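User: I'm new to this structure and would like to know what stands behind the labels people use for it. Could you take me through some of them?

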Amino acid sequence: MSNQTYNELLVETSELIGEATQADEALYEAGTADRATLLPILLELRVRYTILLRRLDSVYDQLLQPQKRLIVKRLLEACLGRLVEIKHDLVEMRLSDHTFDDDEALVKLQVTPHEAEPCIPQFFIREREDEIEQRRQFILDTLRKLGYEPPKPPALVLTEQQAVIIIQSHERARQGRLRGQFMKEIRLLKEKGRDQKGEMSATAATAIQKVWRGFIARRCTKRRKKEEQLLIGMELPPYMESEAIKKAEEVQEYRRKLQKERQKEYETALVTIEESLRAQHGAKINEQIGDELRRWIREYYERTERFPEMPSEESGGSRAMYSRQGTGMDSELSKSSPVSSKESKRSKESKDKKNNKNEENGKNKEEPEDFNTYKCMTSAFLKDMTGANEEYEDIWKYKDDADNPHERYYGDMIEREKMVKIEQEIRKIVDEMMRSELELLQAAYDRDRAQKGKKSKKQQKKVRRGGKKSKKKKEKDLTPDRTTESLFEELVTNGIIRPYPLVNIDDYIGEKCYVGAAFREEGQEAAPCLGDIRQLVKEYCILPLGSEHVRNNSPLVRSVLISGPPACGKKMLVHAICTEVGAMLFDLTPANIVGKYPGKTGLIMLIHLVMKVSRLLQPSVIWMDDAEKPFVKKIPKTDKTDPKRLKKDLVKIIKGICPEDRVIFIGTSKAPWDAEQKLLFQCYQKFIQVPRADYGSIALMWRTRLHKANALNPRLEISCLARVSDSYTIGTLLAALDAVLTTKRRLQLRVRALTATEVAVQLAAKEPVYAEHEQSAEAWWYKTPMERRRQKILQRLEEMQVEAEAAAK
């Protein structure tokens, strides 16, 4: 695809952004509204921003012009943050983490449910490829120094009888090959002795011709039938990459290399143009600003017979002084620091906002009748998106790029930006010089009038002291003299930081729930599917963690608990989160930290190292497997991992995660109901329960896996196989498939097709998900904070409806 293609795509995307932001602004202007009317609007906006996210991601990935890419990234991050905000609005509105798509919105925007699922922006990894690779290589090198080797397959242990049978079979095969070779040589000798001059009879030629024509006809018929089935979608094409896809990927990779070259040219131009501008205009700008300030001070003195006071850099410097030209008749007003007044106003406004929020929260807790109405949270990204889109339309949308076909940087734009920067830096230097001159003038003026000019200084010091109050005490650094590399190496050596397999989140196969909207209209809650779990992990863990700007301004999710039966993909989801954002994985599983950093001081050091290094190497994922064990009431005597070691400190670790930290705490649990629920709910903010695999997800898994293994054939009933494997997890099914498709069996697929019976035999030896486990999981889910809150409000609404009906009678 050419530069013109992506520029046209960006123009179309800009128009779609304008439509989405108009609808979004109208939503905020409406204020508090009925939930029934707000819900479809928010669902439609979520789909719109998902489409915009996918478009902006493809444009940002392939666009070459470096200055245009800056504004596209602003749009991309704003769209990403707005998508996360809408998700939290929908959760608060419906009091459920699973917000199913609206069918009307999908039909209106002509989007499939899979296209309505947010994509992972490619810049999460692409802009940090070198850094991620260096960290991964450092971990592997450190482990190699310690003698760590990749896990090898377990050795095959045989009994004496089994070994004898194998030796006998190999010996008989060897003898059979020798006998076959011997018989072949005898046959060749016999054929040499025959008369080779005989001619082929007509009957023999006819027989050969008949067999060959039949073979050709059957092969053509089979080929036409297969093409027809491929055309109507009854059969999947063979699993191989087409030449068109390969060429497209090669072109994309070539454009990425060009993109890096353009970026390097742009960065070098920023330095060279700034140096040349400083050399040409630096002294001239310095002189102009100094003359302008001296003239203004002279006029101020002639008008008020006093010398003005230069504002500090934080309050704007000399630029802020011009805005106070009308004031200053009294010395106290002229010498008052504007910083203190602004800070006091901000502090008052922040206090008022906090009080209002507390009052609103109190009202919501005391008055659940307000459940029928809702007010969306204020967006931190909508203004940025609107401003970036307007800036794009003003500068880039109608810009003629005919003179720049290779998409290189524009020097005139760099000059304008650098002139503003140079002027600001020189103004700061001139301001400092003018402050010293004003102090000398004030001192001379005071000597002439026999006055001491200490009062203003005292007032200024008092104001500065008041403005620099420390809100929080800084945490004590237990390792102030150590480098990041040494701390990193220590945690890798102790197994706290560990390598993880590279897994994409889209490899977590599962269908989405397609009946969510229909159930919502009937007032019921649909059960989520595996595709909804995949989308939830994206929205809560991956999308906010991948961008620093989004993490700082979006609603904060500090901790997530992923629960589900064994082999349902919990660890795979954790590894996918780390892979998609290029995060470091810190393993605080009780079995992993046993014997490491012993004692109370060792535990303090462990927590300090994990929190410090996770911030230094962010984004980071702190993971705890068997997350219920620290909160179990009674520990079995056979468990020697001391799981309660981190019980008191888990809440401190999670609360210590700030919005500036791209760190998330993730726990995985097989049986969360075994823990003390109060402590568990205090520790984790969001709960994701992996449900039993539904029919659609299992059928999709079988189809994709068998297709990749070239084991899919028309005789294999996928529907029947999905029904048979209904009560098993996806991990169990994949293990059964691996046991069936051995190397020998793969070689036999062309001769003997795979049957459902072979898979069923392997599944018979596997453990299914029992009904008792599902009942325990369902009972625990109804005790989670979000579900309890939802049930209380629904119960209250039913009571209100009964009271209204009784009053009407």
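User: Which residues of helix H30 are buried, and what makes "buried" the right word?

Analyst: In this predicted model, local features need pLDDT of at least 70 and side-chain atom pairs count only at pLDDT 80 or more, while totals for chains, interfaces and linings use all residues. Residues are numbered from 1 along each chain as its sequence is written, and side-chain values use heavy atoms, with hydrogens and water left out. Helix H30 spans residues 771-781, and Ala777, Trp780 and Trp781 are buried there. Buried means under 20% relative accessible area, exposed means over 50%, and partly exposed lies in between (1.4 Å probe, protein chains only). Helices are DSSP runs (H or I, at least four residues), numbered from the N terminus.

User: Why are the buried residues of H30 said to line one face?

Analyst: Looking down the axis of H30, the buried residues fall within an arc of 100°, so they line one face of the helix. The arc is taken from the directions that run from the helix axis to the C-beta atoms. Glu772 and Gln775 are exposed residues on the face of H30 turned away from its buried side.

User: Why is Phe307 called buried or exposed, and where does Phe307 lie?

Analyst: Phe307 has a relative accessibility of 13%, so Phe307 counts as buried. Phe307 sits in the loop between helix H9 (243-304) and helix H10 (318-323). Phe307 and Leu438 are 131 residues apart in sequence, and their C-alpha atoms are 7.3 Å apart in space.

User: What makes Asp61 and Arg126 a salt bridge?

Analyst: A salt bridge is a side-chain nitrogen of Lys or Arg within 4 Å of a carboxyl oxygen of Asp or Glu. For the side chains of Asp61 and Arg126 the N to O distance is 2.8 Å, so the pair fits that definition. Asp61 lies in helix H2 (residues 35-62) and Arg126 in helix H5 (residues 123-126), so the salt bridge ties together parts that are 65 residues apart in sequence. Asp61 is buried, with a relative accessible area of 3%, and Arg126 is buried too, at 19%.

User: How many salt bridges does a search of the whole structure find?

Analyst: The search finds 48 salt bridges. One of the salt bridges joins Arg82 and Glu85, whose closest N and O atoms are 3.0 Å apart. Arg82 and Glu85 both lie in helix H3 (residues 66-94), three residues apart, about one turn of the helix. An α-helix has 3.6 residues a turn, so residues three or four places apart point the same way. There is also a network of salt bridges that links Arg46, Lys87, Asp101, Lys512 and Glu539.

User: How do you know that Lys260 and Glu129 form a salt bridge, and why is Lys260 called partly exposed?

Analyst: The side chains of Lys260 and Glu129 meet at 3.8 Å, N to O, so they satisfy the salt-bridge definition. The pair links distant parts of the chain, with Lys260 in helix H9 and Glu129 in helix H6, 131 residues apart. Lys260 has a relative accessible area of 46%, so Lys260 is partly exposed, and Glu129 counts as partly exposed at 36%.

User: Why is Leu156 called exposed, and where is Leu156 found?

Analyst: Leu156 has a relative accessible area of 72%, so Leu156 is exposed. Leu156 is found in the loop between helix H6 (129-145) and helix H7 (160-193).

Conventions. Helices (H or I, at least four residues) and strands (E, at least two) are DSSP runs, numbered from the N terminus.
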